[in-house]
Amino acid sequence: MSTKAVQEKSAEQVSFSQKINDFLAKYRVVFVTVLIVLAVALIGLFVFTAVKENNSKAAYESVEDVLVQWEKARADTDKTGLSAKEDGFIASLQKVAKSNKYSFGGARAYMTIAEIYFSRKDWKNALDQYLASVKAAPKAYTAGLSYFNAGICADELGNEDDAVKYFNQAVALDNFAMKPRAMFNIGRIEEQRSHTDVAIALYEKIAEQFPDDQWTMLAKSRVIALKLK
């Protein structure tokens, strides 16, 4: 490469570097402002996450405390004041739930309220609270249990379509461990509705997908009984 060419290339590099320096100098304030905003945003996100986790943990601990008190009250031989105590537990849990609507702590609060209503066979209120629990934490392990129990409540209320819907929603969740039982309940409802072919298909599906489950034996026995009719 000739000396002239080297000089021209060097001049181009200097010119380009100068342009970069000039650009950075011109917009220095903008760059600094953006960096500050990003730093503040990250700090804010960290604080928000930490506060949310702490609140959820506190809510969960509050729910567990109520559960202990409720079990103690139910174990007491004198049941005279049980209903009044449960009303107090529900009021306490409702405060926790409303303050943690979209967290696991809130989900546990709604679910515990539902369990109190469920124990009273107050199916309508139990159903509403189970669904509220799902809404609070749709990806938590409690969602499947809440859908399943909502299905039971709907069935008790005579709403077969809703019962089947909630059982199916429980089955659709990967982290739900009681799928055979939920599927068996759907089959049972289909039997009640005289949808024999649908019920048989469900029972056979249980046997195919869960060959070692305790509900498979019941499912197989129902298939035999229905086919003999």
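A helix here is a DSSP run of H or I at least four residues long, numbered from the N terminus. I keep that in mind for Glu190, which lies in helix α8, residues 179-192. One caveat before going on: I'm looking at a predicted model.

**Overall layout**

I started with the whole chain. I count ten helices and zero strands in the secondary structure, so to speak an α-α-α-α-α-α-α-α-α-α pattern when read along the sequence. Of the 229 residues, 34% are buried. I then looked at the contacts with a separation of 6 or more: 52% of them link residues 24 or more positions apart. For the surface, I get about 14,400 Å² exposed by the protein chain, with carbon and sulfur atoms supplying 58% of that.

**Helix α6**

Next I pulled up α6, which covers residues 142-156 and has 15 residues. From first C-alpha to last, α6 reaches 21 Å, close to the 21 Å expected at 1.5 Å a residue. I also checked how covered α6 is: mostly, with 13 of its 15 residues buried. Just after α6 I found Gly158 with a positive phi of about 85 degrees.

**Glu190**

Back to α8. Is Glu190 buried or exposed? I get 8% relative accessibility, and because the cut-off for buried is under 20%, Glu190 counts as buried. What does the Glu190 side chain pair with? I see a polar contact of 3.2 Å to the side chain of Arg193. Leaving out residues up to four places away in sequence, I listed what Glu190 touches: Val164, His195, Val198, Ala199 and Leu202.

**Lys227**

I moved on to Lys227, which lies in helix α10, residues 214-228. Its relative accessibility comes out at 53%, and since exposed means over 50%, Lys227 counts as exposed. Which residues does Lys227 touch, if I skip those up to four places away in sequence? I find Ile200 and Glu204. With Glu204 there is also a polar contact, side chain to side chain, at 3.1 Å. I checked one C-alpha distance too: Lys227 and Asp197 are 9.4 Å apart in space and 30 residues apart in sequence.

**Side by side**

Putting my two lookups together, Glu190 is buried, whereas Lys227 is exposed. Each has a side-chain polar contact in my notes: Glu190 with Arg193, and Lys227 with Glu204.

Conventions: Residues numbered from 1 in each chain as written. Predicted model: local features only at pLDDT ≥ 70, side-chain atom pairs only at ≥ 80, totals over all residues. Heavy atoms only, no water. Helix = DSSP H or I, 4+ residues; strand = E, 2+ residues; numbered from the N terminus. Expected span 1.5 Å × (residues − 1). Buried < 20%, exposed > 50% of the residue type's maximum accessible area, 1.4 Å probe, protein only. Contact = heavy atoms within 4.5 Å. Areas by Shrake-Rupley, 256 points an atom, 1.4 Å probe, with all protein chains shown as cover. Polar contact = N/O pair within 3.5 Å; in protein donor to acceptor, adjacent residues only side chain to side chain.
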